[in-house]
Amino acid sequence: MAKIVAVDTDFEDNNLEAAMAQEAGVDFEATRGRTVEAVIRSLQETGAQGAVTSYALFPREVFEACPNLKVVSRTGVGYDEIDVEAATEHGVAVCNVPGYGTEVVSDHAITLALSVLRRINELDADMRRGVWDYARTRPLGQCRGRTFGVVGMGEIGRATARKAAGLGFDVVCWSRSLKPGRRTPEGYPVLRLEELLQQADVVSLHTALTPETHHLIDAQRLALMKDSAVLVNTARGAVVDTVALAQALCEDKLWGAGLDVFEEEQPFDFSHPIMKAPHAVLSAHAAYWSEESGRELRQRAMRAAIDAVQGRVPVDCLNPEVYAR
């Protein structure tokens, strides 16, 4: 019987995955540990042909040490932790779940932007301290009359742009795949990144993490932004130099920031300077999750793994060339 292991998934239990495996006639086991050593040990001890993972590391060493492995299915869109090239060389399919979180992540990005503009967390904290005085938290902002800049125009970026425009923002965008000076099919002006940073009142990041986008927003680019600008990041933590961002906030160089992702997350450093920075709204990598999106995410990731171990080509396979051999 084929076997799939859940390697360090980001869920309170794996009952849904276990039920799907049982229905498909596949053996299933949940393991813990995201380090390379833990992943290799889990795969070797269980003899699994498939792995479903949230954040476990799958570099070349894993594929070299686990010849039985046929598929790694990630419960997310990004796949920074998986060496896809090495997986392909060893005939291992790599799958992700694109599109599952488009609506909820864009919802969260807009929520962070509005929370910062309206100082919702600060107003709430005052109320809980028995302080009734909105003037303490001024300035307070609104949507209409402000420019919303979207950095990265994939599915989530486009959904965020659509929602921002519906709220009354003027939307502009930048993407590596779009030519500045033109407009998107929706009519949003495409700017150079530096132009967008200089013009936008809200900058919302939706770009993938690559060597080119690591610290895309660094101290130099933060300095281009208006003192009255808001930075929102629901993409990948390392797209922003978070230490530089914290310094800019402490020096009142920005209106504020809303962050759902961080450069180091598990374990998260609660002594990081961003924790003491003013006018920051922080959430613990929650943007991807709603009860609806979470179920879709888990079902699609597990279905891909089941298909692969049973000899079918899975949907959303990042390296389908492994099946052309």
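Here are some questions and answers about this predicted model.

Q: Which helix supplies the largest share of the largest nonpolar core?
A: That core has 30 residues, and Leu196, Val203, Leu231 and Leu245 have the most contacts inside it. Strands S7 (170-174), S8 (202-205) and S10 (256-259) and helices H8 (193-199) and H10 (242-250) each put in at least two residues. The largest share, five residues, comes from H10.

Q: Which residues does Val203 touch, leaving out those up to four places away in sequence?
A: Val203 is one of the residues with the most contacts inside the largest nonpolar core, and Leu196 and Leu231 are also among them. Both of those turn up on the contact list of Val203. The full list reads Gly149, Val151, Leu196, Leu197, Met225, Val230, Leu231 and Val232.

Q: How many residues are in the second, separate core?
A: Look for Ala2, Ile4, Val52 and Leu297, which are included in this other core. Its total is 29 residues.

Q: How far from Asp241 is the nearest side chain of opposite charge?
A: Asp241 sits in the loop between strand S9 (230-233) and H10, and it touches His215, Ile217, Asp218 and Glu263 once neighbours within four places in sequence are set aside. A salt bridge needs a nitrogen of Lys or Arg within 4 Å of a carboxyl oxygen, and Asp241, although buried, has none. The nearest candidate is Arg221, at 11 Å.

Q: Is Thr234 buried or exposed?
A: Thr234 is in the loop between S9 and H10. Beyond four places in sequence, its contacts include Val105, His108, Leu205, Asp260 and Ala287. The cut-off for burial is under 20% relative accessible area; Thr234 has 9%, so it counts as buried.

Q: What distance separates the C-alpha atoms of Tyr288 and Val77?
A: Tyr288 lies in the loop between S11 and helix H11 (291-309), and its 12% relative accessibility is why it counts as buried. Its contacts, not counting residues up to four places away, are Asp10, Tyr100, Val104, Val105, Ser293 and Leu297. Tyr288 and Val77 are 211 residues apart along the chain, yet their C-alpha atoms are separated by 9.7 Å.

Q: What is the accessible area of the nonpolar surface patch that Phe270, Met275 and Leu282 form?
A: Start with Leu282, which lies in strand S11 (residues 280-282). Leu282 has 32% relative accessibility, so it counts as partly exposed. Together, Phe270, Met275 and Leu282 have an accessible area of about 290 Å².

Q: How many residues apart are Glu186 and Arg158?
A: The structure holds 24 salt bridges, and one of them joins the side chains of Glu186 and Arg158 at 2.9 Å, N to O. Glu186 counts as partly exposed because its relative accessibility is 41%, and Arg158 is partly exposed too, at 27%. Glu186 is in the loop between S7 and H8, while Arg158 is in helix H7 (residues 155-167), and the pair links distant parts of the chain, 28 residues apart.

Q: In which helix do Arg300 and Glu296 both lie?
A: Their side chains meet in a salt bridge (2.9 Å, N to O). Arg300 is partly exposed at 26%, and so is Glu296 at 31%. They're four residues apart, about one turn, and the helix is H11.

Q: What is the N to O distance in the salt bridge between Glu194 and Arg192?
A: Glu194 counts as partly exposed, with 26% relative accessibility. Arg192 is partly exposed as well, at 42%. Their side chains meet at 3.7 Å.

Q: Which residues are linked with Glu103 in a network of salt bridges?
A: Glu103 shares this network with one more acidic residue, Asp107. The other members are Arg162 and Lys163.

Q: Which elements do the buried residues of H2 pack against?
A: In helix H2 (residues 36-46), the buried set is Val36, Ala38, Val39, Ile40, Ser42, Leu43 and Thr46. Just after the helix, Gly47 takes a positive phi of about 65 degrees. The buried residues of H2 pack against strand S1 (3-7), strand S2 (27-31), strand S3 (50-53) and helix H3 (60-65).

Key:
Residues are numbered from 1 along each chain as its sequence is written. This is a predicted model: local features need pLDDT of at least 70, side-chain atom pairs count only at pLDDT 80 or more; totals for chains, interfaces and linings use all residues. Side-chain values use heavy atoms; hydrogens and water are left out. A nonpolar core is a set of buried Ala, Val, Leu, Ile, Met, Phe, Trp, Tyr and Cys residues joined through side-chain atoms within 4.5 Å. Buried means under 20% relative accessible area, exposed over 50%, partly exposed in between (1.4 Å probe, protein chains only). Contact means heavy atoms within 4.5 Å. Lys and Arg count as positive and Asp and Glu as negative; His and the chain ends are not counted. Patches are made of residues with over 30% relative accessible area and no salt bridge: like charges are joined within 9 Å, nonpolar side chains (Val, Leu, Ile, Met, Phe, Trp, Tyr) within 5 Å. Accessible areas come from the Shrake-Rupley method with a 1.4 Å probe; for residues, only the protein chains shown count as cover.
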